[in-house]
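User: Hey, could you walk me through this one? I'm new to reading structures, so plain words please.

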Amino acid sequence: MRMNDCPMTATPTVQVTEAMIRDQLAALESGLREEIASGRMEEAKLVVEHTFAPGVYIRKMYIPAGSLIVGKIHRHSHFNFISKGSVIVYTKDGREELTAPWDGVSTEGTKRSVYALTDVIWSTIHSNPTNTQNLEEIEAFTIAPSYEALSAPIENAQIEEVTL
């Protein structure tokens with residue numbers, strides 16, 4: 001018997017499902033909230049800038065090195081840009097290390113954890129069909145409160161067509 005044929009030395013493999021990753025992200029988020037609430041951990045101090053153009057909302061975050069963030073569930077695909085720094089990101093697609101300059105597209109239903117290896121500038125670009133500058137309205141349009149809500153109509157949405 002060769003060494004690789006021995007069941008004791010075989011590398012175990014596990015089929016990781018999207019549901020497992022969702023559960024892991026939820027557990028991480030819950031654990032971070034508990035640690036912050038207990039005072040054992042400090043909430044990350046993020047600076048966020050908001051910029052608007054016709055039909056577009058840009059959110060730029062300045063993330064200090066060493067910060068661990070769990071994001072929200074995004075209703076729509078949108079662009080992401082890292083213009084400074086390096087991060088480790090964990091999503092339904094697995095673990096990635098991203099370094100500026102980097103750009104990508106987040107798909108509908110994306111939720112991620114981000115660990116900043118260095119100081120980071122991360123921007124997201126979202127559709128803003130009503131041209132609102134009210135951040136609560138923008139969040140209601142871009143963020144789903146749960147995965148189940150992704151297929152549900154957006155409550156109180158005042159969506160109108162915008163021509164650029």
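Analyst: Here is a short chat about the sheet, the salt bridges and the empty spaces. Keep in mind that this is a predicted model.

User: OK, sheet to start with. What order do the strands come in?

Analyst: It's an open sheet of five strands, in the order S1-S2-S10-S5-S8, and the pairing is antiparallel. Strand S1 (47-53) and strand S8 (102-106) stand at the edges with a single partner strand each, so one side of each has no neighbour in the sheet. From one strand to the next, the twist averages 20 degrees.

User: And what holds strands together in general?

Analyst: Strands in a sheet pair through hydrogen bonds of the backbone, and they can do that in a parallel or an antiparallel way.

User: How many bridges are there between S1 and S2?

Analyst: Seven, with the two strands running antiparallel. For one example, Val48 stands opposite Met61 in S2. S1 and S2 form a hairpin with two residues between the strands, and Gly55 there has a positive phi near 80 degrees.

User: Then S2 goes on to S10, right after it in the order. How many bridges join those?

Analyst: Eight bridges join S2 to S10, again antiparallel. Met61 turns up here too: its bridge partner in S10 is Trp122.

User: What about S5 and S10? How many bridges there?

Analyst: Strand S5 (residues 78-84) pairs with S10 over five bridges, in the antiparallel sense. Two of the pairs can be named: Lys84 has Ile121 as its bridge partner in S10, and Phe81 stands opposite Ser123 in S10.

User: How many residues of S10 are buried?

Analyst: Six of its eight residues are buried, so S10 is largely enclosed by the rest of the structure.

User: Switching topic. How many salt bridges are there?

Analyst: The structure holds four salt bridges. The idea behind them is simple: side chains with opposite charges can pair when their charged atoms come close.

User: Give me one. Where do Glu29 and Lys111 sit?

Analyst: The side chains of Glu29 and Lys111 meet in a salt bridge at 3.0 Å, N to O. Glu29 is in helix H1 and Lys111 is in the loop between S8 and strand S9 (113-116), so to speak two distant parts of the chain, 82 residues apart.

User: Are those two, Glu29 and Lys111, buried or exposed?

Analyst: Both Glu29 and Lys111 are buried. They also belong to a network of salt bridges that links Glu29, Arg33 and Lys111.

User: And Arg40 with Glu35, what's the distance there?

Analyst: Their side chains meet in a salt bridge at 2.9 Å, N to O. Arg40 is exposed, with a relative accessible area of 58%, while Glu35 is partly exposed at 26%.

User: Which residue does Glu139 form a salt bridge with?

Analyst: With Lys72, and the closest N and O atoms are 2.7 Å apart. Glu139 lies in helix H2 and Lys72 in the loop between S3 and S4, so this pair ties together parts that are 67 residues apart in sequence. Glu139 is partly exposed, at 36% relative accessible area, and Lys72 is partly exposed as well, at 42%.

User: Cool. Now the empty spaces. How big is the largest pocket?

Analyst: The largest pocket has a volume of about 1200 Å³. It is lined by 39 residues, and Arg59, Ile69, Val70, Gly71 and Lys72 lie nearest its centre. So Lys72, the salt-bridge partner of Glu139, shows up again.

User: Which element gives the largest share of that pocket's lining?

Analyst: H2, with five residues. The lining of the largest pocket divides into 21 nonpolar, eight polar and ten charged residues.

User: And how many cavities of 30 Å³ or more?

Analyst: Two. The largest cavity has a volume of about 50 Å³, and the residues lining it include Glu18, Arg22, Thr91, Lys111 and Tyr147. Helix H1 (residues 18-38) gives the largest share of that lining, four residues. By type, the lining has three nonpolar, three polar and four charged residues.

User: Which residues line the second largest cavity?

Analyst: His76, His126, Ser127, Phe141 and Thr142. Strand S10 (120-127) and helix H2 (135-142) are the elements that give two or more residues to this lining. The lining splits into one nonpolar, four polar and no charged residues, and the second largest cavity holds about 30 Å³ of space.

How values were computed:
Residues are numbered from 1 along each chain as its sequence is written. This is a predicted model: local features need pLDDT of at least 70, side-chain atom pairs count only at pLDDT 80 or more; totals for chains, interfaces and linings use all residues. Side-chain values use heavy atoms; hydrogens and water are left out. On a 1 Å grid over the protein atoms alone, a cavity is a set of points where a 1.4 Å probe fits but cannot get out, and a pocket is an open set with protein on both sides within 12 Å along at least five of seven lines; lining residues have an atom within 4 Å of a point. Grid points are joined across faces, edges and corners, and a volume is the space filled by probe spheres set on the points. Ala, Val, Leu, Ile, Met, Phe, Trp, Tyr, Cys and Pro count as nonpolar, Asp, Glu, Lys and Arg as charged, and the others, Gly among them, as polar. Two strands pair if DSSP finds at least two bridges between them. Axes are lines fitted to C-alpha atoms, for helices over the stretch in contact, and angles run from 0 to 180 degrees between N-to-C directions. Buried means under 20% relative accessible area, exposed over 50%, partly exposed in between (1.4 Å probe, protein chains only).
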